[in-house]
Amino acid sequence: MALLLAATAGAMVLTQDLRHDGPVASSIHWKTRSDRYRVCFRLTRDDTVQVSVVDSSDDVVSVLAPAQPLEGGDAAHCFDWNGLAAGGLPVGPGTYHLQLELQDADRVAVSGERVTIPATGGSS
């Protein structure tokens with residue numbers, strides 16, 4: 001019985017060590033401007049982060065900021081997207097999300113918050 005308890009405790013420690021801790025960002029908001037989309041967020045901890053926009057298939061369409069150190073906590077980080085893909089052409093109609101690639105935490109997270117570009121232009 002003691003061996004079973006020790007094995008169970010060991011497995012729990014290993015599982016906790018392999019698991020990533022909690023959410024990586026909070027307060028993620030898209031705002032529409034006349035010629036661009038602004039996305040703001042807060043990180044739960046300091047990290048080196050690449051900020052990208054991805055389509056509904058999670059393919060990167062635009063990198064808003066290459067990997068750079070960002071502060072966690074109350075610091076808000078805001079980035080503008082002009083609605084263009086990496087090649088400089090407008091993206092097609094669809095739903096787009098924020099992707100954060102956290103290098104220090106070795107994680108990639110895609111936001112549930114989204115911006116939708118309809119076929120006629122604009123956003124919702």
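User: What share of the contacts in the protein chain between residues at least 6 apart in sequence join residues at least 24 apart?
Analyst: It's 52%. A pair gets into that count when heavy atoms come within 4.5 Å and the two residues sit at least 6 apart in sequence. Keep in mind that we're looking at a predicted model.

User: What makes up the chain, read along the sequence?
Analyst: The pattern is α-β-β-β-β-β-β-β, which gives one helix and seven strands.

User: How much of the protein chain counts as buried?
Analyst: Of its 124 residues, 31% do, and the bar for that is under 20% relative accessible area. As for the surface, the chain exposes about 7600 Å², with carbon and sulfur atoms supplying 53% of it.

User: Let's take one residue. Why is H77 called buried?
Analyst: Its relative accessibility is 10%. The cut-off is under 20%, so H77 falls on the buried side. This residue is in strand β5, residues 76–81.

User: What does H77 touch beyond four places away in sequence?
Analyst: V39, C40, F41, L43, L70 and E71. With E71 there's also a polar link: the side chain of H77 reaches the backbone oxygen of E71 at 2.7 Å. The limit for a polar contact is 3.5 Å, so that distance qualifies.

User: How do you know that β2 and β5 pair?
Analyst: Count the bridges: there are six between β2 and β5, in the antiparallel sense. Two strands pair if there are at least two bridges, so six is enough. One of the bridges joins C40 to C78 in β5.

User: And what makes β1 and β2 a pair?
Analyst: Six bridges again, in the antiparallel sense, between β1 (residues 25–32) and β2 (residues 37–43). H29 has C40 as its bridge partner in β2. A hairpin of four residues joins β1 to β2.

User: In what order do the strands of the open sheet run?
Analyst: The order is β1-β2-β5, three strands with antiparallel pairing. The edges are β1 and β5, as each pairs on one side only. On average, neighbouring strands here are turned by 15° against each other, direction ignored.

User: Which residues touch the most other members of the largest nonpolar core?
Analyst: F41, V51, W81 and L100, out of 25 residues in that core. Elements giving two or more residues to this core are β1, β2, β3, β4, β5, β6 and β7.

User: What is W81 in contact with, leaving aside its neighbours within four places in sequence?
Analyst: The list is W30, R36, Y37, V53, V61, S62, L64, V91, Y96, V115 and I117.

User: On to the loops. What is unusual to point out about the phi of D58?
Analyst: D58 has a positive phi of about 65° although it isn't a glycine. The residue lies in the loop between β3 (47–54) and β4 (60–70).

User: Why is D58 called partly exposed?
Analyst: Its relative accessible area is 43%. Buried would need under 20% and exposed over 50%, so D58 lands in between.

User: What sets the label for D106?
Analyst: D106 comes out at 65% relative accessibility. The line for exposed is over 50%, so D106 counts as exposed. D106 is in the loop between β6 (94–102) and β7 (107–117), and it has a positive phi of about 55° although it is not a glycine.

Notes
Residues numbered from 1 in each chain as written. Predicted model: local features only at pLDDT ≥ 70, side-chain atom pairs only at ≥ 80, totals over all residues. Heavy atoms only, no water. Buried < 20%, exposed > 50% of the residue type's maximum accessible area, 1.4 Å probe, protein only. Areas by Shrake-Rupley, 256 points an atom, 1.4 Å probe, with all protein chains shown as cover. Polar contact = N/O pair within 3.5 Å; in protein donor to acceptor, adjacent residues only side chain to side chain. Axes fitted to C-alpha atoms, helices over the stretch in contact; angles between N-to-C directions. Core = buried A, V, L, I, M, F, W, Y, C linked by side-chain atoms within 4.5 Å.
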